[in-house]
Structures are given as structure tokens and as C-alpha cells.
Amino acid sequence: MAIPTGNLKDRLFERATALFAGIVLALALLLFALLVRESLPALKKFGFSFITGTTWDPVAETFGALPFIYGTLVTSTIALLIAVPLSVGAAVFINDFAPPWLKGPVSFLAELLAAIPSVIYGLWGIFVLVPLLRDHFMKPVTRVFGWIPLFKGPVYGPSMLAAGVLLAIMVVPFILSVSREVMATVPQRQKEAVLSLGGTRWEMIRIVIGQHCIPGIFGATILGLGRAIGETMAVTMLIGNRPDILLSIFQPGYSMAAVIANEFTEATGDLYLSSLIAVGLVLFLITFAVNLAARWILTRLVAHASRGI
Amino acid sequence: METVNSPILKITELSAWFGANQVLRNIAMNIERNTVTSIMGPSGCGKSTFIRCLNRMHDLTPGFRLSGGIVYDGTDIYSDPIDPVALRRKVGMVFQQPNPFPRMSIFENVAVGLRLNGKNMPKSELAGRVEQSLRMAALWNEAKDHLSRPGTSLSGGQQQRLCIARALAVEPGILLMDEPCSALDPVSTGKIEELIEELGERLTIIVVTHNMQQAARISDFVAFFLMGDLVELDRSAKIFTNPSDKRTEEYITGRFG
Ligand SMILES: Nc1ncnc2c1ncn2[C@@H]1O[C@H](COP(=O)(O)OP(=O)(O)OP(=O)(O)O)[C@@H](O)[C@H]1O
Ligand SMILES: [Mg+2]
């Protein structure tokens, strides 16, 4: 044989890792199959209107999941609208402006945020964030801009906005750390190219981010989106749990993860249970698609970066 | 403003440190207008550090410190009212590795400097400046038909000329080049050398190079650095035929370095 193929240990190790990978894949497929099987009764009964239906009424056994899909998308969107600029700004600050002694502590604290259990975020949200938003943001805003449907009263406190803001705080660590890594890969000579042409520091940051970091930040955003969509506890505690589609972000709503967590133990009828599992299936598919997109964008980024410059 | 015949740069007692490490020692030299000066010397002797002092590229380097004077057209560039951003438009720079912006077209790469600082010139004027800069960088004929292609689609040597065009577009009085050919093949190197000779008629060029033949071909003056000291600065012909300092002679005859 021309090229030795490695010793027995290496081959065993390779087999073992392949086995583990196979197990993980099989588990995912099994989970998916289970979700599909269990949600079949609901999907058969309601068909496509399970996704487009706006009524969720366990007593009448009518189940439409749109309010939850809506609530999930609205809260996640609010979260990203806040978290992305915040994270990118913080990443720029830490990488380019913070004095060296501040860099460590700031990024350590930001990463610590990721380790806090979400139920703690939920408690903090109920006792601190909700009153704060209600009295100092939602109330004054409704008074002036209440005529805009997005900000219509009455204000209770628990709302899609509150849940979205809390989600934003929860996803910042993830978007921040990926953004920082992406910005740190920008070659020094690209930054110096801007400076050497008489660019200011801000122009340097703007051009370099535009030239090198947009795909990475986009990937980070999708990663954050994946987390925001699936987050259960903190959202359940803040969103108000009302299965209605309301335009105003000051109003309560409901999310897919929240409705499953809240109603699973009390779901009596078979159709009710099956409908909740079908919500889970929708959530699974959306999260899966989002993560796939993120993976795809990030691999493209790597390919781009390795092309040099 | 001084007369045309006075030196464009007057450097006096320039010393520089990275932290506690002194990298340049009491450098004094004058650079004449519209000449090409080569900076030579063994690796690590401070050549890059020196030319990066001239456009204040070290301003953001933590721990960098400098003393002495660098007077450009009668103004000390490190004095208080001088804005380093404005200075860098007057003192352009070309780097060792071609570094065009990867998501900009050839056109945009040349125009980018003209669009900085909120400046906005009419489209036709911009196009004129881009063409003029590409012509000066001897890239116009090769690039004129694909100005909208990415700058990175060019070959290495073309990319380096693109970077020269980009630097020329903001119309600097001095162009600093740090080993502009060291990443290029011999043919591309030849083109850049020709270009440097031509450009030297209209602006002042200071170029760091390790290549003695290159220095002899392109420069009017050669400065020889050794461990942070300026050993000798003289006409290129003199340096290569009859250097005054023994260390210069040892270096050019290849006995060390
Ligand atoms: N950013 C920096 N921080 C600390 N020390 C530095 C820095 N840049 C350069 N130095 C040090 O300064 C000295 C001179 O470096 P410089 O890059 O100016 O040398 P050079 O003559 O350009 O060398 P080469 O021919 O290899 O490019 C070296 O000892 C180097 O280690
Ligand atoms: Mg160098």
C-alpha cells in the first residue's frame, strides 16, 4: 500500500465519532417523526387553516395557531431591532475604542449575561423591566402617539414590547460575541488603507464593516433570531399570554413556545394535545430553517474570508 | 509657504519608541521636492516605523511615542493644530500587501478617498479624477473596460497599481511606499518601478526597499538605516559607488544584513 491509512486506534476512534454523530442525527429525525405523528390528528382536522386560523378555543375545540406565530415573530423582531444595533455598537466600542484595561471586564460581563437562567430574566422582567417600561415608556408614548395603531393603549404592562425588550437583552451576548469575532478578523492593512486616505476613525469603521463584516453580522443576527424564537420561560412570564392578534406592541400577545409550556399539562382532549404538538412542529420547522440559514451564511463568510484580502 | 527649491520635508532629531523600546534614534534628514528617496537597511532597523511617522500612522498604536520635528512645507506635522486626518490626504501611503477594498469595484476603489470626509463631487468630475489617477498609475489601459468589476478581480501587480491610483486620487504631495513590490512577481515589479520613476517627476516619493538594484534604478537619494540610526543619506550614485560610511559599504556589498 502506498499511503498508510493509520493505526487501529485511529480507525476505532473514527468509527466511534461517526457512531455518535449518527446517534445525534437519528435523535433529531426521531424527534421530528414523533412531532409529525402526534400532530397528524390536528393537521388532518384543520389542514392549512391550522396555520392561518386566528381562533384558539379549547372549549369549542377550534385551534388556529396564527396568534402564536404572530406573537413569536413580533417579539423576535422587536428583540433584533434593539439587540443588533446595540451589539454592533458595543462590539465596535470594545474592539476599537475601549482602553485596553476595560476590554476584558466588558466582554466578560457581556458573556456572563448568556449564562443567567432565563427564569431569572423573567423574574427581573416582571419586577423591574415591566414597571419601568410601563411607567416611563409605554404610558407617555400612548399619551402622545396613541393614535398610531402600533402604540395604542390601554397599557397593562405585560406586553409584546416587554417580552421583546427582555429577549433583546438575552440575545445581545450572542450577537455581540460573534460580531466581535468577525470584526477582529479584519486585516489591519484594510483599516490602515482607510486612514492613509485621510479617513476618520468613524469612516474607517464604517468602510471596514461594510467591506468585511456585513455577512458575519447577518449570520450573528440569525443566530440571535433562532434563540429569540425558541425562548420560552422569559417570554411566558412577560408577554401577557393572550391568544389575540393585536397590532399594538403595548398589548399582550402569546408565543408558540409560551402556549406549549402553559397549556400542555392542562390539555384534556386528544385534539387539544395534538394541536399543541402541531404548534411545536411549526416552531421546530421555523427554528430549523433559521439555523440552517445562519449556518449557510456563516460558511459563505468563511469562504469569503479565506479568499484573502 | 516656502520656495519651491526648499526641501519638502525637514526631519530633525527624530526619535521613536514602542513602550520602552527605542526604535529610531536622532534621525535628521531633508527630503527634496519631486525626488525619489529609497530607505534601505536590514530587517527590523526601523524603516517602516520611520515612514509611518511621516503620515502619523502610529497615532493609534498603544505605547508609541516620538520626539523631534517633522516639518512638512513649513509646518510641524506633530504640532497641535495639525489634524492627522488632513495630513494623511497630503501624505499618501502604499502598503506592502496590495489592499484594495474587496467589495468595491475598481472605480469605487479609486474614488473612495474622494468621497471621504463628507466630500461630494459631481459625477463627471469624479469620473475624470478616477481616470486621471488610473492613468498616472499606468492601469487605465488594462482596467478601463471593466471599471465595475471588483478590485480584487485584478492580478496582484494590478491590485498594487490600483492601490497607487487610489492613493494618487486624493492628490498627495508625498507618497510613502513600504516595500511596494515585495509581494509581486518580477514583471509586476518592473512596472511599479517604472511607475515610481515617472511619478517622481511630479511628486515626492519615499520608498522602503530591500532590493538594492531596485533602489539604484529608481531613486535619486538613498538613506541607509541601521538599528534605528540613519547611517548615511546621499545621492543614489554616490551610495552605490562610493559610500562614506564603512557600514553602508558592508551592507551593499552583502557582507552583512
Ligand atoms: N506596533 C509595534 N509595537 C511594538 N514594537 C514594534 C511595532 N512595530 C515595530 N516594532 C518594533 O520596532 C522595530 C522596527 O520595526 P520596523 O517594522 O520599523 O522595521 P523594518 O525596518 O521596517 O523591518 P522590515 O524590513 O522587516 O520591514 C522592530 O524591533 C519591531 O519589533
Ligand atoms: Mg518594514
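Me: How many residues does each chain put into the contact?
Reply: Chain B supplies 22 residues and chain A supplies 16 residues. Contact means C-beta atoms, placed from the backbone, within 7 Å. This is a predicted model: local features need pLDDT of at least 70, side-chain atom pairs count only at pLDDT 80 or more, and totals for chains, interfaces and linings use all residues. Residues are numbered from 1 along each chain as its sequence is written, with chains lettered from A and ligands numbered from 1 in the order in which they are written.

Me: Which element gives the most to the side of chain B that touches chain A?
Reply: That is α2(B), with four residues. Helices (H or I, at least four residues) and strands (E, at least two) are DSSP runs, numbered from the N terminus.

Me: OK, ligand 1. What surrounds it?
Reply: Residues of chain B, including B:Gly41, B:Lys47, B:Ser48 and B:Thr61. Near means a C-beta atom, placed from the backbone, within 6 Å.

Me: And which helix gives the most to that shell around ligand 1?
Reply: Helix α1 (residues 47-54) of chain B, with three residues.

Me: Switching to the largest nonpolar core. Which residues touch the most other members?
Reply: A:Leu166 and A:Val171, out of 152 residues. Helix α6 (residues 160-184) of chain A brings the largest share, 17 residues. Such a core is a set of buried Ala, Val, Leu, Ile, Met, Phe, Trp, Tyr and Cys residues joined through C-beta atoms within 7 Å. Buried means 20 or more other C-beta atoms within 10 Å of its own, with C-beta atoms placed from the backbone.

Me: What is A:Val171 in contact with, leaving aside neighbours within four places in sequence?
Reply: A:Ala79, A:Ala83, A:Gly224, A:Arg227 and A:Ala228.

How values were computed:
Buried ≥ 20, exposed ≤ 12 C-beta atoms within 10 Å, placed from the backbone. Contact = placed C-beta atoms within 7 Å.
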